[in-house]
Each structure stands twice: as C-alpha cells, then as structure tokens.
Amino acid sequence: MDAILPRLGLRFFAFIFFLFFSPFPVLWAQTIGPAGIGTGDGSTGPRNVLWLRGDAGILESGGLVTDWFDQSGNTLNAAQSVVAERPSITLSNPNLNGFPSINFTPDGSNAIRLVVPDNNLLDDGAGFTFFIALYNNSAAGGPSGILNKRNGNNSQQAYRIYRDGATFISNVGNSSNTVNLGGMNVGSHLLTARYDGSLSGNKYFSFRNSNLAAGSSNGNNLTTLPNTSSNLHIGNFNPGDDRSFIGDIAEVIIYKSVLNDPEKIIVENYLSQKYDINIGANDFYGNFVGFDPGYFDDFRGIGSVDGIVKQTSATSDALAVQEFGSSIGANGFMMFSHDGTAHASGVVANLGEPEISSRWDRSWYLEFTQDGIVDGGALSATLSFNFTTAGLPITGNASDYVLLYRDDVSGDFFRVFAQSYVIEGGDRLEVTVPGDRLKTGYYTVGLGSQLTSFTWYVFQDGNWSDPDTWTLDASVAPIFINPGNNIPQPPDQVIIRSGRTVTVQPGVNDLEVNAIEVRGNLNLTTSTGHDFTTINGNGIIRMAGNDPGSGLVDNFPDG
C-alpha cells in the first residue's frame, strides 16, 4: 500500500481557519457513510450512526479539543466542558500519515475524555460494527479506555473497547464476554469489531488491522444490545476513571448494522489507505505500479468475499461503477477514487490518438484485484458518468463519446474497447466494458470515434498470453504501446510481422480473434480449439498436433 501524501497546504489552511476563525460550531451534514458504505439515516444500506474524523468538525481552544462534531448526519457530537479533561489536537500526526488526530494521553492524574451523550442510536440494537483508527503510544501498563459506553464496570455497560498492556480487549454486554487480540504494540492500528445478535453461536468478533485472530470471538448470549442509560466515552472508560488512552485517535466509526464482509473490507481499505495502516492480505488499493497517492477523494469500492456476499455498485462524485453480468469473482474487488481535479470538458492535452478530439479534465483511478493480485480477475462493469453532477453539458449522441484510459498520471489517454454506450436520463453516459478490457489505471470520458476493436502488432518475439508481446504501433520500427497490458481478444485483428515469432503455449486453448495475418511465424505447439475467423499472410504456422487421448490430431485453427 502506498501512503497518501498529506497535501498539507490546502487541507490545513481550511482546517486551521475552521479551528481559529469560525465564530460558531460548524456541522458538516453527512448522509453518505465512510467509503460510500451506507447512510446516516439507514435509508440506503447499513446505518452509519456515528462518524468522528480528525480532519473534520473539530473545535478547539488553546490547543485543547472542546467539541468533535459527528459527520454521520445524526448530530451525536462528542464534547468536553471540563478544561482539565480535554484532549489535545495533533494537527499533523506523522504516525498517522500526516493527518490530524486527537491525543488522549493523560497529563498527571487528570482523566482525559470526550463524551457523546446517551442516545438509542448507540445501543438498543441487534447488530453493530465499530471501526477505530489510532496510534498506540504504549504497550505497557494497566488498562486504558478507548471506546466505552457504560457508567462503570458492568454498570449500564453496552460495550467496551480498551487496551491492557499490549493487548486489545473488547466485549459487548457484561465483562464476562471478552475477546482479546494481542499485538497492540507501539504503532498505528485499525481496530474493528462486529456484533450480530441473530447468530446462533458466536455473536461478537474483533479484528486487528482487518484480520481475525485466535481468541477474537465469543458466544455472547445477548440477542440485542440493551438500551443503557450510559454516555459514550472516547479515550477513557467512564465517569470518575482516570485510565485514559495513551495515544491518538484519528477516526471513530459506528454502524447500527452488521456490515457484511465486502463492506467491512472496503471501509478498512479506506482507513488503511488514509492513515497508512498495514492491513496485510486485505489491502486492495494503492498496489499498482502506476498508482498516484493523490487519488483518494470520494474513495469507493465494490467486491465479493467467497463469491457469495457482494457489494456490487458504488458512486464517487460524478462516476458510478456497477458490476455487469455477475462477473465479480470470489475474493474480487474494485476500488476507485479521484484526486479532486475540478470538473472541466474540452481538454486537449495528453490525447494519444488522433481519433480523440477532447476529454474531461478529471479522471478516476480504478484498481482491480482478484485474490489480492492486481488485474487478476475479469470483472465486467458499467461506468456511468453523470454530467449534471459534474456541472458539464452533455452534447450530441452516445456515439460521440469514448471511454479513455492511461496507466499513469503523466501519460497519454487511449481509447478503450467498450461493449456499449448509452445515454440514460438525459445526463448520464453509461459505458459497459467487458472484463478483458478493464485494467487497473486511470479512466475518463472524451469525445471522438469509438473503438470497436484493436489491431495488434508483434512488438517482440514472445508468448501469445504475454502483453509484452503486443503493441498497437503499426510502424516499421514500433514502440511499445499497450496501455492496458492487453492481449488480443475476439473483436481484434492480429498482424504477426515478418521476422517475428509468436508462440501459443501448450494448454492455452480456444483463442479467438476476428482476423489474423501471419507474415512471420506462429507456433501453436500442442494448443487447440482456436478460431481466428480469417487467416491470411505468407508466413509460417507451426503445429505439433493435439492428443485428446486417442493419438495426435490436426490442431490447425478454424478460419
């Protein structure tokens, strides 16, 4: 995972202006949940009841935090009226990727905490999911509170999350139902807990840095978290307790819903990327060689776990992406975002083909993974560009537009082969792209001639299945142009240049192209089942025959 650059200038000018010059407490209305998962009122997807961010909604006085305003839209604001109990603000925390955080480390014997008043949204339910991004500054000593809704030990206790030495401990209900996760060493951590009262066995599961570990679940017999009369204490246990958390908390997220596995992983990738927290095998964003860490605005994702539970559509500002044709494979994900570039059309810079006349200025980075391998899957998707949201006019017909791609932020854009272009609702261009044409990289929309197929030329001797073998450059001394790391597909044409050899490896069967011209050499080895539609040229096609179990037979391709 690549760390996000803090982009301190603009972010902290706005942040400091708010801290020091706002004449009244400001609350940003927020209805869309973190990473686009759910809404504050639960009208769409899981209900995000609390969202506290270190980079939004903080009011401070003399470096001490007085208020931390909820971004979920539910106004469950945290506050502290007692000066001696206020935490301090860390404007740029190097341990959390340069983002602001709240420091709860006690000063002497004073208890440090922020308090969210009791509300039924914070308990009284059969399902909850918690996320906390923090920096732990001590792996020694006795218990210290992190997130606790209670009046005291087993007194009106809905849940508690705390650190004891180098162990993260969490439970719902009374203290006998605890789950322990070790490894709370000094450093940044992402804590996740999920309670599902509908389960017949274990109901409460805790995760550290996205991963479930031994001892992380229990068989709590609560089918519903009780409606307690306690407040929610952040950075401490409860009133009268001076055991405050030794470290910084950057983000607290609570859902009054059980997030499914893809939803959980998408939120964890949002927090992991933002705060540069290593989540191991569940890190599905920022792993591409051409990734620019400036792309994090409106981070969203879709995906599948075990091929059963899915998150199939998401919207990042003016771009919505939806799975097409149930094509997300088991443990497949696609996560995307933009870099905040202002919307504009008519841009003529970085156009790699004369068939493109102009493009949008903003692009989105899309990263496709399958079993943790970048571009390992074959997700087909519909990309919907909303012109009204972008504040741009839509002109002409769907046939005038073209989907564009590049594999880094400084290169030229090239056209993408798409299955269809449709204008919906008068202001949305919907582009459906087959999975073999979608690659990790940067996408935008432009005006130009749509691409119905590619013509591939051999760049260098190699295997058919190796993208390094193929280029789109038709010149006599070609350069390597293959922005999507593609290989020939059924709509395409293939030209094997004189003096070049392409080998189809044994077992690579059933290849299809629209036409092939062999001027050099095509070695089919023992592969079989190919349909090249039209076969042309004065070169050589070699074959070793295919043995289906009854002896060698002709494996010359159809065409």
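Here are some exercises with worked solutions on a predicted model.

**Exercise 1: a sheet and its edges**

Work out which strands sit at the edges of the open sheet of five strands, and find the residue in S34 that is the bridge partner of Tyr 457.

*Solution.*
Step 1. Start by writing down the strand order, which is S34-S32-S35-S37-S39, and note that the pairing is mixed.
Step 2. Now look for strands that pair on one side only: these are strand S34 (470–471) and strand S39 (535–536), the edge strands.
Step 3. Move to the contact between S34 and strand S32 (residues 455–458), where the two pair in the antiparallel sense over two bridges.
Step 4. Follow Tyr 457 across to S34, and you arrive at its bridge partner, Thr 471.
As background, the strands of a sheet pair through backbone hydrogen bonds, in either a parallel or an antiparallel way.

**Exercise 2: an open pocket and a closed cavity**

Describe the lining of the second largest pocket, then do the same for the largest cavity.

*Solution.*
Step 1. Take the pocket's volume: the second largest pocket holds about 340 Å³ of space.
Step 2. Find its centre. Of the 22 lining residues, Gly 36, Gln 311, Ser 313, Ala 314 and Thr 315 are the closest to it.
Step 3. Ask which strands contribute. At least two lining residues come from each of strand S18 (297–305), strand S20 (313–316), strand S21 (319–323) and strand S26 (381–386).
Step 4. Sort the pocket lining by class, and you get twelve polar, seven nonpolar and three charged residues.
Step 5. Turn to the cavities: with a threshold of 30 Å³ or more, the count is one. The largest cavity has a volume of about 110 Å³, and of the 14 residues that line it, Arg 415, Val 416, Phe 454, Gly 484 and Asn 486 are the closest to its centre.
Step 6. Sort this second lining too: the largest cavity has nine nonpolar, two polar and three charged residues around it.

**Exercise 3: three salt bridges**

For the pairs Lys 264 with Glu 268, Lys 310 with Glu 323 and Arg 415 with Glu 353, decide where the partners sit in the chain and whether each is buried or partly exposed.

*Solution.*
Step 1. Recall the principle: side chains of opposite charge can pair when their charged atoms come close. A search of the whole structure finds 18 salt bridges.
Step 2. In the first pair, the closest N and O atoms of Lys 264 and Glu 268 are 2.9 Å apart. The two residues are separated by about one helical turn because they are four residues apart in helix H2 (residues 261–275). Both Lys 264 and Glu 268 are buried.
Step 3. In the second pair, the closest N and O atoms of Lys 310 and Glu 323 are 3.2 Å apart. This pair links distant parts of the chain, with Lys 310 in strand S19 (residues 309–311) and Glu 323 in strand S21, 13 residues apart. Lys 310 has 27% relative accessibility, so it counts as partly exposed, whereas Glu 323 is buried, with a relative accessible area of 12%.
Step 4. In the third pair, the side chains of Arg 415 and Glu 353 meet at 3.2 Å, N to O. Arg 415 is in strand S28 (residues 414–415) and Glu 353 in the loop between strand S22 (332–338) and strand S23 (356–359), 62 residues apart. Arg 415 counts as buried at 10% relative accessibility, and Glu 353 counts as buried at 16%.

**Exercise 4: a network**

Name the residues linked in a network of salt bridges.

*Solution.*
Step 1. Pick out the linked residues: Arg 53, Asp 55, Glu 251 and Lys 274.

Definitions and conventions: Residues are numbered from 1 along each chain as its sequence is written. This is a predicted model: local features need pLDDT of at least 70, side-chain atom pairs count only at pLDDT 80 or more; totals for chains, interfaces and linings use all residues. Side-chain values use heavy atoms; hydrogens and water are left out. Two strands pair if DSSP finds at least two bridges between them. On a 1 Å grid over the protein atoms alone, a cavity is a set of points where a 1.4 Å probe fits but cannot get out, and a pocket is an open set with protein on both sides within 12 Å along at least five of seven lines; lining residues have an atom within 4 Å of a point. Grid points are joined across faces, edges and corners, and a volume is the space filled by probe spheres set on the points. Ala, Val, Leu, Ile, Met, Phe, Trp, Tyr, Cys and Pro count as nonpolar, Asp, Glu, Lys and Arg as charged, and the others, Gly among them, as polar. A salt bridge is a side-chain nitrogen of Lys or Arg within 4 Å of a carboxyl oxygen of Asp or Glu. Buried means under 20% relative accessible area, exposed over 50%, partly exposed in between (1.4 Å probe, protein chains only).
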